[in-house]
Amino acid sequence: MKKSCELCGTSIVADGRAYICSYECTYCESCNARLDECPNCAGDLQPRPTRTTGVSEISARLPQIIRRRIGTRRPGR
């Protein structure tokens, strides 16, 4: 996730409010209020999703994810 607004350069924290298009062009709330569409690609701007887990939480779950994927493989693949 980008850490600053592409128009004004304002810093955006990872869990802060921001808006993105499908190409992940990123804008702060105040710039988004002035925009009808992404000025780079003319895409629709939507609220950026927030991350609910950090790297440590993801790495702690990794073995479970790997076991789940291996367990669901079809024979012969």
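The exercises below, each with a worked solution, concern a predicted model.

**Exercise 1. The sheet**

Determine in which order the strands form the sheet, and which strands stand at the edges.

Solution.
Step 1. The sheet is open and is formed by three strands, in the order β2-β1-β3. Their pairing is antiparallel.
Step 2. Each of β2 and β3 has a single partner strand, so these two stand at the edges and one side of each is left without a neighbour in the sheet.
Step 3. Look at the pairing of β1 with β2: it is antiparallel and runs over two bridges. Within it, Tyr19 stands opposite Tyr27 in β2.

**Exercise 2. The salt bridges**

Find how many salt bridges the whole structure contains, and state which side chains meet in them.

Solution.
Step 1. The search of the whole structure gives two salt bridges. The cut-off to apply is a side-chain nitrogen of Lys or Arg within 4 Å of a carboxyl oxygen of Asp or Glu.
Step 2. Glu6 and Lys2 meet through their side chains at 2.9 Å, N to O. Glu6 is partly exposed, at 33% relative accessibility, and Lys2 is also partly exposed, at 38%.
Step 3. Glu29 and Arg17 meet through their side chains at 3.6 Å, N to O. This pair links distant parts of the chain, with Glu29 in helix α1 and Arg17 in the segment before β1, twelve residues apart. Glu29 counts as partly exposed, at 44% relative accessibility.

**Exercise 3. The cysteines**

Decide how many disulfides the structure holds, and explain the result for Cys21.

Solution.
Step 1. Recall what is being looked for: a disulfide is a covalent bond between the sulfur atoms of two cysteines. The cut-off for the sulfur pair is 2.5 Å.
Step 2. For Cys21, the closest cysteine sulfur belongs to Cys41 and is 3.5 Å away, so the two are too far apart for a bond.
Step 3. Cys25 is in no disulfide either; its nearest cysteine sulfur is that of Cys21, 3.5 Å away.
Step 4. The total for the structure is zero disulfides.
Step 5. Place the two residues. Cys21 lies in the loop between β1 and β2 and is buried, at 5% relative accessibility. Cys25 is buried as well, with a relative accessible area of 8%.
Step 6. List the contacts of Cys21. Leaving out residues up to four places away in sequence, Cys21 touches Cys38, Cys41, Gly43, Asp44 and Leu45. Cys21 and Asn40, 19 residues apart in sequence, are 9.4 Å apart C-alpha to C-alpha.

**Exercise 4. The core and Ile12**

State how many residues make up the largest nonpolar core, then trace the contacts of Ile12.

Solution.
Step 1. The largest nonpolar core has twelve residues. Among them are Cys5, Cys21, Cys25, Cys28, Cys31 and Cys38. The core also includes Ile12, Ala18, Tyr19, Tyr27, Leu35 and Leu45.
Step 2. With neighbours within four places in sequence set aside, Ile12 is in contact with residues including Lys2, Lys3, Ser4 and Cys5. Arg17, Ala18, Thr26, Tyr27, Cys28 and Arg48 are also in contact with Ile12.
Step 3. Take Ser4 from that list. Ser4 belongs to the segment before β1 and is partly exposed, with a relative accessible area of 31%. Its contacts, on the terms of step 2, are Gly9, Thr10, Ser11, Ile12 and Thr26.
Step 4. Compare sequence with space. Ser4 and Tyr27 are 23 residues apart in sequence, and their C-alpha atoms are 7.5 Å apart.

**Exercise 5. Positive phi**

Locate Glu24 and Ala42, each of which has a positive phi although it is a residue other than glycine.

Solution.
Step 1. Start from the expectation: most residues other than glycine have a negative phi.
Step 2. Glu24 has a phi near 65 degrees. Glu24 sits in the loop between β1 (19–20) and β2 (26–27) and is partly exposed, with a relative accessible area of 47%.
Step 3. Ala42 has a phi near 65 degrees. Ala42 sits in the loop between α1 (29–34) and β3 (46–47) and is partly exposed, with a relative accessible area of 47%.

Definitions and conventions: Residues numbered from 1 in each chain as written. Predicted model: local features only at pLDDT ≥ 70, side-chain atom pairs only at ≥ 80, totals over all residues. Heavy atoms only, no water. Core = buried A, V, L, I, M, F, W, Y, C linked by side-chain atoms within 4.5 Å. Buried < 20%, exposed > 50% of the residue type's maximum accessible area, 1.4 Å probe, protein only. Contact = heavy atoms within 4.5 Å. Helix = DSSP H or I, 4+ residues; strand = E, 2+ residues; numbered from the N terminus. Pairing = 2+ DSSP bridges.
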